[in-house]
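I'm opening a fresh page for this structure and jotting down what I look up as I go. Here is what I have in front of me.

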Amino acid sequence: MCWVLWFRRNKQLHGLSYPIDDDLINLGLSYICVPATSHFATNLDTSNKTKESWHPPPPGVILINCDAAILEGKNGCGLGVAARDFRGRVVRAQATFMNCILSMEAAEVMALRNGMYLAKDLGCSKYYLSSDCANAVGCLKKRNTFLADWHVIIEEIISDHFFSFCSQVFYSPRSLRYSQV
């Protein structure tokens, strides 16, 4: 039942519908549904939310877009990262399938961790991380964690020395993702 509630919350949070008419589930949802601007993402710089188009990083900086997807009908999730240079060209990309059940936010944070590892593999001296998960971005920006199923991954990212090379972590809604490959 907890999984159904979490799945429904994420569908509503991202503007998708998932109709379940059970009164018990609806009652549970009234307690756990939180907007994307929950207390975990407070003080998050939302200026990136209003930009009308994708902008490349400055020269010498690699931008790493990170994303995750829960795959319906499969017991797992997909993680993807794409590194782009100042011209918007893909430097390297990778996709990973994780054969385990995670919350959407845990999967998004694991994608951010994979993005950091990709920057490390590329030998980046300066990089940006981008995600469409406002809560994860907020925690990384404030370098704090809280008790959730994904706080250990946030702590792992923050404590990694290579995270200090990350000049910026920002929220990038799906509508502003760079789609030209």
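Before anything else, I fix what I mean by buried: a residue with under 20% relative accessible area. I also remind myself that this is a predicted model.

**Helix H3**

I started with helix H3, residues 104-122. How many of its residues are buried? I find 15 of the 19, so by that cut-off H3 is mostly covered. Then I checked the length. At 1.5 Å a residue, the helix should span 27 Å, and its end C-alpha atoms are indeed 27 Å apart, so the two agree. Just after H3 comes Gly123, and I note its positive phi, near 75°.

**Strand S1 and its neighbours**

Next I went to strand S1, residues 62-70. Seven of its nine residues are buried, so the rest of the structure largely encloses this strand.

Which strands does S1 pair with, and in what sense? With strand S4 (residues 127-131) the pairing is parallel, over five bridges. I picked out one bridge there: Leu63 has Tyr128 of S4 as its partner. With strand S2 (residues 77-84) the pairing is antiparallel, over eight bridges. On that side, Ile70 is bridged to Cys77 of S2.

S1 and S2 form a hairpin with six residues between the strands. In that hairpin I looked up Gly73, which takes a positive phi near 85°.

A reminder to myself while looking at strands: in a regular strand, side chains alternate between the two faces of the sheet.

**Ser130**

Back to S4, where Ser130 sits. Is Ser130 buried or exposed? Its relative accessibility is 0%, so I put it down as buried. What does its side chain touch? I find a polar contact with the side chain of Asn65, at 3.3 Å.

**Cysteines**

Last, I looked for disulfides, each a covalent bond between the sulfur atoms of two cysteines. I count a disulfide when two cysteine sulfurs lie within 2.5 Å, and the count comes to zero. Cys100 is in no disulfide, as the nearest cysteine sulfur, in Cys77, is 5.3 Å away. With a relative accessible area of 27%, Cys100 is partly exposed.

Why is Cys133 not bonded to Cys139? Cys139 holds the closest cysteine sulfur to that of Cys133, but the distance is 8.6 Å, so they are too far apart for a bond. Cys133 has 8% relative accessibility, so I list it as buried.

How values were computed:
Residues are numbered from 1 along each chain as its sequence is written. This is a predicted model: local features need pLDDT of at least 70, side-chain atom pairs count only at pLDDT 80 or more; totals for chains, interfaces and linings use all residues. Side-chain values use heavy atoms; hydrogens and water are left out. Buried means under 20% relative accessible area, exposed over 50%, partly exposed in between (1.4 Å probe, protein chains only). Helices (H or I, at least four residues) and strands (E, at least two) are DSSP runs, numbered from the N terminus. Two strands pair if DSSP finds at least two bridges between them. A polar contact is a pair of N or O atoms within 3.5 Å; within protein, one must be able to donate a hydrogen and the other to accept it, and residues adjacent in sequence count only if both atoms are side-chain atoms. The expected span of a helix is 1.5 Å times one less than its number of residues.
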